[in-house]
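Please open the model in a viewer and follow the selections below in order. Each stop names what to select and then states what is found there.

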Amino acid sequence: MCPNETLTPSAPASGFARAAGAPSATAIVTDGENLLSGPTTVPSQGDAMPAWMARPAGQHDALPVVIVVQEIFGVHEHIQDLCRRLAKVGYLAIAPELYFRQGDPAHYDDVGTLLTELVSKVPDSQVLSDLDHTAHFAATQGGDLRRLAITGFCWGGRISWLYAAHSPQLRAAAWYGKLTGDKTLTMPNHPVDVATQLTAPVLGLYGAQDKSIPLETIETMRQALRAANADAEIVVYPEAGHAFNADYRPSYHAPSAQDGWQRMLAWFARFGVK
């Protein structure tokens with residue numbers, strides 16, 4: 001497969017998820033100049049998994065790779081834009097549609113129904129395997145898996161912690177991902193449960209005003225990481241709430257988001273993904 005085969009120069013935006021509400025005026029749109037960006041498909045577990053990929057134009061080999069894991073809303077315009085932002089600084093960024101077997105989040109109008117009818121039915125084991133296949137696919141597109149990272153937001157933040165325990169050769173940045181919670185058949189473990197298995201370096205980015213992730217659960221995770229002697233760091237932004245990097249939503253807190261983005265890039269560079 002030719003590295004250019006699945007992409008076209010900066011495809012137009014496909015829109016924001018309805019369940020997330022109307023995008024706010026703070027929504028950031030990154031131009032596609034000097035990028036190859038667009039939809040692709042990843043062979044995974046016998047299926048063709050939809051994904052969005054972006055990379056610098058004119059570079060086809062030995063690119064550092066960042067897997068971008070979606071919020072609960074799927075790989076909508078915001079996640080696609082994050083891929084473009086990463087491509088602008090030299091990464092091959094790819095965001096797989098990790099719900100595609102269970103349904104399409106674009107069909108939902110409210111968060112509650114989306115969570116109960118779709119998100120809760122997606123098994124962690126399926127997701128981790130799909131991420132493995134995403135990494136292998138990135139390698140066929142010119143990605144260098146010796147320089148592999150993952151970042152995720154909300155639902156994807158939790159997954160980023162889990163994948164760091166599953167795949168120790170990578171580096172991770174987890175944005176406001178749930179750390180503890182009830183265990184189910186689809187979610188048998190949470191990040192605090194796999195802290196002892198972490199050998200990959202992980203940066204956690206959280207908001208002190210996040211009512212869905214209380215500060216005591218963050219402290220519980222910190223204690224678990226210290227006990228495991230894990231190479232991890234958790235940064236808590238005092239004025240930020242949940243989804244503070246979601247620039248298309250009222251939850252966006254620009255100073256925290258901008259600082260977190262730079263910390264993430266520095267974290268990847270510190271551990272050789274640049």
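Begin by selecting strand β2, residues 47-56, in this predicted model. The strand is mostly covered, with 7 of its 10 residues buried. In a regular strand, side chains alternate between the two faces of the sheet.

Next, add strand β1, residues 35-44, to the selection. β1 and β2 run antiparallel and are joined by 10 bridges. To check the register, display Leu35, which stands opposite Pro56 in β2. The two strands form a hairpin with 2 residues between them. Within that turn, select Gln45, whose phi is positive, at about 55°.

Now bring in strand β4, residues 92-96. β4 pairs with β2 in the antiparallel sense, over 4 bridges. Here Trp52 is the residue to display, since Ala95 in β4 stands opposite Trp52.

Beyond the end of β2, select Ala57, in the loop between β2 and β3 (63-69). Is Ala57 buried, partly exposed or exposed? Its relative accessibility is 36%, so Ala57 counts as partly exposed, the limits of that class being 20% and 50%. Setting aside neighbours within four places in sequence, Ala57 contacts Asn34, Leu35 and Leu36. For a sense of scale, draw a distance from the C-alpha atom of Ala57 to that of Thr186: the separation is 39 Å in space and 129 residues in sequence.

**Helix α3**

Select helix α3, residues 124-140, and pick out Thr134 within it. Thr134 has a relative accessible area of 0% and is therefore buried, the cut-off being under 20%. Which residues surround Thr134, neighbours within four places in sequence left aside? The contacts are Val42, Met49, Ile67, Ile94 and Pro96. Of the strands already displayed, β1 spans residues 35-44, β2 spans residues 47-56 and β4 spans residues 92-96.

**The nonpolar core**

Nonpolar side chains tend to be buried together in soluble globular proteins. In this model the largest nonpolar core has 92 residues, and Trp155 and Trp161 have the most contacts inside it. Helix α4, residues 155-166, supplies the largest share of this core, with 7 residues.

Centre the view on Trp155 and show its surroundings. Not counting residues up to four places away in sequence, Trp155 touches Val69, Gln70, Glu71, Ile72, Leu98, Tyr99, Val119, Val122 and Val127.

Then step to Cys154, in the loop between β5 (143-153) and α4. Most residues other than glycine have a negative phi. Cys154 is not a glycine, yet its phi is positive, at about 60°.

**The two pockets**

Rolling a probe the size of a water molecule over the atoms shows where empty space is left. Keep Trp155 and Cys154 displayed and add Ile72, Leu115 and Lys178: of the 20 residues that line the largest pocket, these five lie nearest its centre. The elements that give two or more residues to this lining are α2 (111-117) and α4. The largest pocket holds about 470 Å³ of space. Colour its lining by residue class, and the division is 10 nonpolar, 6 polar and 4 charged.

For the second largest pocket, select Val75, Glu97, Asp104, Pro105 and Ala106, which lie nearest its centre among 16 lining residues. The volume of the second largest pocket is about 240 Å³. Its lining divides into 8 nonpolar, 6 polar and 2 charged residues.

**The loop between β8 and α6**

The last stop is the loop between β8 (232-237) and α6 (254-270), where Ala246 lies. Ala243 also lies in the loop between β8 and α6. What is the sign of phi at Ala243, a residue other than glycine? The value is positive, near 55°. Ala243 is buried, with a relative accessible area of 3%.

Ala246 is buried as well, because its relative accessible area is 0%, where buried means under 20%. Leaving aside neighbours within four places in sequence, Ala246 is in contact with Glu71, His78, Tyr176, Ser251 and Tyr252. To finish, draw a line between the C-alpha atoms of Ala246 and Tyr91: these residues are 155 apart along the chain, and the two atoms are separated by 21 Å.

How values were computed
Residues are numbered from 1 along each chain as its sequence is written. This is a predicted model: local features need pLDDT of at least 70, side-chain atom pairs count only at pLDDT 80 or more; totals for chains, interfaces and linings use all residues. Side-chain values use heavy atoms; hydrogens and water are left out. A nonpolar core is a set of buried Ala, Val, Leu, Ile, Met, Phe, Trp, Tyr and Cys residues joined through side-chain atoms within 4.5 Å. Buried means under 20% relative accessible area, exposed over 50%, partly exposed in between (1.4 Å probe, protein chains only). Contact means heavy atoms within 4.5 Å. On a 1 Å grid over the protein atoms alone, a cavity is a set of points where a 1.4 Å probe fits but cannot get out, and a pocket is an open set with protein on both sides within 12 Å along at least five of seven lines; lining residues have an atom within 4 Å of a point. Grid points are joined across faces, edges and corners, and a volume is the space filled by probe spheres set on the points. Ala, Val, Leu, Ile, Met, Phe, Trp, Tyr, Cys and Pro count as nonpolar, Asp, Glu, Lys and Arg as charged, and the others, Gly among them, as polar. Two strands pair if DSSP finds at least two bridges between them.
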